[in-house]
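Good morning, everyone, and thank you for making the time. I would like to walk you through a structure that is new to most of this group, so please have a look at it first.

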Amino acid sequence: MTTGTSHPHGPRMQFAKAAPEVYKAMVNLDAAARKGIDPTLAELVKVRASQLNRCAFCLDMHTKDARAAGESEERLHLLNAWEEAGHLFTEKEQAALALTEAVTVLTDGFVPDEVYERAAKHFEERELAQLIALILTINAWNRIGVTTRMVPGAYKPTV
């Protein structure tokens, strides 16, 4: 957005009401994808994908959920520069964040072997499959949020 201009960012639709069966399936997919993934790592992945996709609603939700789960302000503030601030993130978290970026952006149309292999070193196959599912699920939520212009700010964590 250009400085000095305003963008009317009102909602275009209430997706859950317009497509309730799809919404319910997404909620179920999200719950299934999170199984076996550390909750803090799951929120870091969701925040990072949401940063890349510029989904304000999901950023609001998942930063609040991350804080409620005990995530530090410092790590949340530096997540956008996690490679430079690598000392704040474990190698496993860094591998998950690299995979998140590769799957979200699909640079050159694929996930590089070195990114996948890095993640495979830190996650057993089942956990890696769950991580991939988590990444694709947050990307789908981001696309719903951005397309329908879901309004951030009102979300309250239930933890």
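I will begin with the overall fold, then turn to the surface and the charges, and end with a few individual residues.

Please keep in mind throughout that what you see is a predicted model. In its secondary structure, the protein has 8 helices and 0 strands, and if you follow the chain from start to end you read the pattern α-α-α-α-α-α-α-α.

How does the radius of gyration agree with that of a compact globule? For 159 residues, such a globule would come out near 15 Å, and the protein has 16 Å, so the two agree. The C-alpha trace, taken along the principal axes, spans about 45 × 40 × 35 Å. Turning to contacts, and considering those with a separation of 6 or more, we find that 71% of them join residues that lie 24 or more positions apart in the sequence.

As for what is inside and what is outside, buried residues account for 40% of the 159 residues, while the area that the protein exposes is about 9300 Å², with carbon and sulfur atoms supplying 56% of that area. The protein also carries 18 positive and 21 negative charges, and the mean positions of these two groups are 10 Å apart.

Now to the cysteines, where I would like to raise a question: why is there no disulfide between Cys55 and Cys58? The closest cysteine sulfur to that of Cys55 is the one in Cys58, at 3.4 Å, and this is too far for a bond, because a disulfide requires the two sulfur atoms to be within 2.5 Å. Seen from the other side, Cys58 likewise has its closest cysteine sulfur in Cys55, at 3.4 Å, and the structure as a whole holds 0 disulfides. As to their surroundings, Cys55 is buried, with a relative accessible area of 1%, and Cys58 also counts as buried, at 5% relative accessibility.

Finally, let me point you to Thr90, which sits in the loop between α5, covering 73-78, and α6, covering 91-105. With a relative accessible area of 42%, Thr90 is partly exposed. If you then look for Thr137, which is 47 residues away from Thr90 along the chain, you will find that the C-alpha atoms of these two threonines are separated by 23 Å.

That brings me to the end, and I am happy to go back to any part of the model.

Methods: Residues are numbered from 1 along each chain as its sequence is written. This is a predicted model: local features need pLDDT of at least 70, side-chain atom pairs count only at pLDDT 80 or more; totals for chains, interfaces and linings use all residues. Side-chain values use heavy atoms; hydrogens and water are left out. Buried means under 20% relative accessible area, exposed over 50%, partly exposed in between (1.4 Å probe, protein chains only). Helices (H or I, at least four residues) and strands (E, at least two) are DSSP runs, numbered from the N terminus. The radius of gyration is taken over C-alpha atoms; the globule rule is 2.2 Å times the number of residues to the power 0.38. Contact means heavy atoms within 4.5 Å. Accessible areas come from the Shrake-Rupley method with a 1.4 Å probe; for residues, only the protein chains shown count as cover. Lys and Arg count as positive and Asp and Glu as negative; His and the chain ends are not counted. The place of a charge is taken as NZ of Lys, CZ of Arg, CG of Asp or CD of Glu.
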